[in-house]
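Open your viewer, switch to the cartoon style and get ready to click along. We will go one selection at a time.

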Amino acid sequence: MMRVAAIDCGTNSIRLLIADVTEHNGVARLTDVVRLMRVVRLGQGVDATGRLAPEALERTFAALDEYAELIREHRADVVRFVATSATRDASNREEFVDGVRARLGVEPEVVAGEEEAQLSFAGAVSVFPPLAGEKVLVVDLGGGSTEFVVGGAQGVEAALSVDMGCVRFTERFLHDDPPTAQQVAAAEAEADRLLDEVSRTVPLGEATRVIGVAGSITTVTAHALDLNEYSSSAIDGAELPIRVVEAAASELLSFPRTRRAGLPFMHPGRVDVIGAGALIWRTILRRLERGTRGGIDTAVASEHDILDGIALGLPPRTR
């Protein structure tokens with residue numbers, strides 16, 4: 001057994017997983033010790049300025065100080081830090097890299113979109129392994145990008161990352177509270193255009209099951225389940241009819257900020273961007289329902305995602 005610490009630094013949130021890794025018949029399994037999320041909005045303004053904002057870096061480094069203390073306290077044997085969309089796009093990312101190195105003593109991996117997609121797939125299917133002959137589509141809807149991965153029992157077959165995320169779309173399109181019909185239409189048109197791009201690389205129509213991961217999707221699922229609090233155990237593995245998920249997404253998109261903030265399952269850091277996340281997830285599910293000719297009529301939500309994939313993806317020599 002080895003204790004690992006995995007950190008996923010995205011556009012909207014930074015998350016920590018400290019877990020014990022064991023292997024059974026050559027298959028690695030994770031047992032959680034600590035799982036935390038802090039919303040730091042690292043990607044604040046990156047789409048417009050091309051730079052990480054000083055206040056965003058300050059929030060991120062404060063979270064990293066907290067995580068570094070937990071990693072020391074729980075005596076992790078190895079640490080892996082993966083950064084995704086926001087830092088790929090930033091011209092001053094070396095300032096971010098230096099700050100991570102100083103706090104954790106490791107070099108952050110700024111992964112390309114396709115590797116991000118593969119890590120998301122590995123994490124999602126770690127607890128929902130594909131059946132023989134089944135093609136699973138994993139959708140990881142982040143703050144700056146969304147990853148689409150199709151694979152089966154033998155692993156990933158096709159993957160693509162596109163610049164479509166809840167922070168990016170909020171800043172680009174959804175400026176009013178709640179957004180106007182014109183703003184929603186413009187965001188949907190861009191989402192559809194990007195899905196056309198995805199479909200040229202990833203065979204969406206061949207998927208027989210869809211698993212959605214990350215905070216926008218789990219929050220929409222929490223609303224669809226009408227939860228009185230955010231419950232990972234209730235959300236993880238929940239399979240709901242697409243029409244039910246679409247209805248929940250539409251409500252979140254239409255709610256004013258004050259009503260979203262009052263929902264008992266809503267994380268405060270997600271209030272401003274959940275409308276865009278809900279719009280993107282709704283658009284994806286509508287495309288799947290049409291594109292698979294009714295073959296996919298439900299969606300599964302998973303609490304296991306790229307963070308689990310980061311931990312599981314440590315080289316065997318470190319385990």
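This tour visits a sheet and then some of the helices that go with it.

**Stop 1: the sheet.** Keep in mind as you look around that this is a predicted model. Which order do the strands of the open sheet have? Reading across, you should find β8-β7-β6-β9-β11-β10, which makes 6 strands with mixed pairing. Now select 155-162, which is β8, and 239-241, which is β10. These two stand at the edges with a single partner strand each, so one side of each has no neighbour in the sheet. Tilt the view a little: on average, neighbouring strands here are turned by 25° against each other, direction ignored.

**Stop 2: a pair inside the sheet.** Select 209-213 for β9 and 298-302 for β11. This pair runs in the parallel sense and is joined over 3 bridges. Click G212 to find one of them: its bridge partner in β11 is A301.

**Stop 3: helices on the sheet.** Next, bring in α10, which packs on the sheet and touches β10 and β11. Its direction makes about 85° with that of β10. Then add α12, which also packs on the sheet, touching β6 (136-141), β7 (146-152), β9 and β11. The direction of α12 makes about 160° with that of β6.

**Stop 4: α10 against α12.** Two packed helices are described by the angle between their axes and the distance between the axes. Select 242-254 for α10 and 274-291 for α12: their axes come within 8 Å and cross at roughly 150°. That makes α10 roughly antiparallel to α12, because angles over 145 degrees count that way. The crossing is left-handed. Show side chains to see who meets whom: among the residues of α10 in this contact are I242, V245 and L253, and the α12 side includes A278, W281 and R286. Colour the contact by class and you get 10 nonpolar, 2 polar and 4 charged residues.

**Stop 5: α8 against α12.** Keep α12 and add 215-224, which is α8. How do these two helices cross? Their axes come within 9 Å, at an angle of roughly 85°, and α8 and α12 are therefore roughly perpendicular to each other. On the α8 side, select S216, I217, T219 and V220; they meet I274, G277, A278 and W281 in α12. By class, this contact has 5 nonpolar, 3 polar and no charged residues.

Methods:
Residues are numbered from 1 along each chain as its sequence is written. This is a predicted model: local features need pLDDT of at least 70, side-chain atom pairs count only at pLDDT 80 or more; totals for chains, interfaces and linings use all residues. Side-chain values use heavy atoms; hydrogens and water are left out. Axes are lines fitted to C-alpha atoms, for helices over the stretch in contact, and angles run from 0 to 180 degrees between N-to-C directions. Helices (H or I, at least four residues) and strands (E, at least two) are DSSP runs, numbered from the N terminus. Angles under 35 degrees count as roughly parallel, over 145 as roughly antiparallel, 65 to 115 as roughly perpendicular and the rest as oblique. A crossing is left-handed if the near helix is turned anticlockwise from the far one by less than a right angle, and right-handed if clockwise. Contact means heavy atoms within 4.5 Å. Ala, Val, Leu, Ile, Met, Phe, Trp, Tyr, Cys and Pro count as nonpolar, Asp, Glu, Lys and Arg as charged, and the others, Gly among them, as polar. Two strands pair if DSSP finds at least two bridges between them.
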